[in-house]
Amino acid sequence: MAGTTTDGTPSTQHALQGSGNLLFGNLAADLVHAILQLVLELDRVHDYDAPFETLNEMRKTTFSMRCVSALWNQFILSSPQYWCIVNVRAPQAAMVRTIERAQSAPLCIYSVKPGQWEAVRFDKILPLLETRQGQIRTLRLDDRDLYGFGTSLLRLGLPNLRTLEVVPRFDPYREVPTLAYDMPQLRHLKSTAWDPTSDVSWIQGLETLVLRGLDGFGPDLYRALGLCAHSLRRLSLRLGFALKGLPPTPTTISIPLLEELRLDAASRGTVMEVTRRILIPPSAGGIIHVILEPGDLAAIQNLVDFLFPAERNAPASGQGLIEIDAETGLLVANYTRGNRAFRFGMPDIAQGVDYEAIRDAIQYLDLRLGHPVISVTISCNEPYDAEMLVLLSSSNVQSISILTYCPGELANFLQATIGKRKAETPEQADSDEGEEVLGFQSVRYLAIDTNYRELEELEEVASVIATRQEQLRAKRKSTLEEMVLCHCYPDELIFADAQSKLGAVGIRLWQVDDSQVVVDFYLSRDIF
């Protein structure tokens, strides 16, 4: 039986079984602890970026292990390290027992706002935690309803707090919350709608700074970056349009230890103000997401120079992904090289937009980044989608994925884009193909998704593809290797004929299961 201390809390002594120093007959207690440490991922409890799902699973697994046997129950109950995770939204009685069982172990207190509104009470656990503020090492409240709970703890001063995540309940455009509390050991801060002030002493020791939902880049944030520059290892900012009171001739802030940078900005002006004021080491990973206009070539040049300085260039070492979505009128491009990525979105792309400006931007990136391999995802629901695809540099596009709600137009779309068309450059016109050339000759993979509509024109589509393939083979050029259909439901006999026809010219035609997604516009979901 496990003993108890004079105050009634479980002791750390374990009842032993088998020989005098073995637990569970075969395993020593310290070995059991080591195994459970790995199984429960206890080393991640206080990670600033541990997923909340992981914390939930740790708690559930701890309770499940108690059901294995009476001995396991006794062992878990009397081991404080398994009771350091406190979910504020869990039943209060259970969390009170959790806090008591943790004894003096460092506490991780967290909460995630549920999908639907739920009342939350913390009148029992808050007084208990207020008496243990020295144990609180992690406070992660991704939950506006618990902002008051969090500030109640912060006001006391949390001398050993290292990770703080908080979402203010205020409207970020009306009230500015303050975090001017005593947190001398704070190293990781994640917050929404909080513009840091430079008068908080703990900011100088920050290693992680993640600020989302800021309306722009202002002097307070600029000064705060300067204060934590020499300790900062991870910086992530999501900024709006506003530029407030910044000095016109800035002093560059060097962040020598930075390992990860992410900037999300609603305008080129905001992100350019940040990049011209900070200096990051060549080894640091970097991601920039920004909303641009077709004519923002100068901004693209500056941001690419920041992310990919000349000494980092290496021929053919990058990758690019371009999405053109007619349904939302959006173009998104993502270019990566090594541990850095540049992603920009151009909204409201419609007929009549300056396509040449877009082409100039894409061609600049193609040349500047050493002709990266390009994948294109496009919808062909509007006439100008074909114009957009044709304007892209086609020399290094190796994959094209097409989503269409109009399968009857697919053959015409393919003929206009990857079939014969007017030469794009004088060099192409001077080639042996004359004034007309086959588009996107480097394409190896073609995917088509008709969004659960029957592809009745598969025979015509296969004819366009087969004719193109024969023309490329006759000139001993590289050819298409694979064509995938998803959610197309063609007639079985027509599909078999198309499969045979394309197979004869070296193209594998196949269908994927309905549960699979082969054409996905995921970039736009991330950047907007």
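F217 is a good place to start: with a relative accessibility of 0%, it counts as buried. Buried here means under 20% relative accessible area, exposed means over 50%, and partly exposed is anything in between (1.4 Å probe, protein chains only). This is a predicted model, in which local features need pLDDT of at least 70 and side-chain atom pairs count only at pLDDT 80 or more, while totals for chains, interfaces and linings use all residues. Residues are numbered from 1 along each chain as its sequence is written, and side-chain values use heavy atoms, with hydrogens and water left out.

**Rings**

Searching the whole structure turns up 7 aromatic pairs. F217 and Y222 make an edge-to-face pair, because their ring centres are 6.3 Å apart and their planes meet at 70°. For a pair, rings of Phe, Tyr or Trp (its six-membered ring) need centres within 6.5 Å; planes under 30 degrees apart are stacked, over 60 edge-to-face, and the rest tilted. Y222 is buried as well, at 11% relative accessible area. Another pair joins F342 and F344, tilted this time, with 5.5 Å from centre to centre and 40° between the planes. Both of these phenylalanines are buried.

Y222 has a charged partner too: the charged end of R277 sits over the Y222 ring, 5.2 Å from its centre. R140 does the like with F52, its charged end lying over that ring at 4.3 Å from the centre. To count as over a ring, NZ of Lys or CZ of Arg has to be within 6 Å of the ring centre and within 35 degrees of the ring normal.

**Salt bridges**

R277 leads on to the charged pairs. The whole structure holds 16 salt bridges, meaning a side-chain nitrogen of Lys or Arg within 4 Å of a carboxyl oxygen of Asp or Glu. Here are some of them:

| Salt bridge | N to O distance |
|---|---|
| D220 and R223 | 2.8 Å |
| D264 and R262 | 2.8 Å |
| R277 and E273 | 2.8 Å |

How do these partners sit relative to the surface? R277 and E273 are both buried. D264 is buried at 4% relative accessibility, whereas its partner R262 is partly exposed at 21%. That bridge belongs to something wider: salt bridges with shared partners tie R212, R238, R262 and D264 into one network.

The D220 pair sits in helix α7 (residues 219–228), where D220 and R223 are 3 residues apart and so are separated by about one helical turn. An α-helix has 3.6 residues a turn, so residues three or four places apart point the same way. D220 is partly exposed at 27%, and R223 is partly exposed with 42% relative accessible area.

**Helix faces and a strand**

Helices (H or I, at least four residues) and strands (E, at least two) are DSSP runs numbered from the N terminus. Helix α3 (residues 70–77) buries L71, Q74, F75, I76 and L77. What do they pack against? The buried residues of α3 are up against α1, α2 (52–65) and α4 (92–102).

In helix α6 (residues 147–156), the buried residues are Y147, F149, G150, T151, L153 and L154. These pack against β2 (107–112), α5 (125–130), β3 (136–142) and β4 (163–166). Right after α6 comes G157, with a positive phi near 90°.

I324 lies in strand β12 (residues 318–325) and is buried, with a relative accessibility of 2%. I378 is 54 residues from I324 in sequence, yet the two C-alpha atoms are 4.7 Å apart. Leaving out residues up to four places away in sequence, I324 touches L330, L331, T377, I378, S379, D385, M388, L389, L392 and F521, where contact means heavy atoms within 4.5 Å.

**Positive phi outside glycine**

Which residues other than glycine have a positive phi? R476 is one of them, at near 60°. R476 is in the loop between α14 (458–474) and β20 (482–486), and it is exposed, with 79% relative accessible area. Y489 also has a positive phi, about 50°, although it is not a glycine. Its loop runs between β20 and α15 (492–503), and Y489 counts as partly exposed at 35% relative accessibility.
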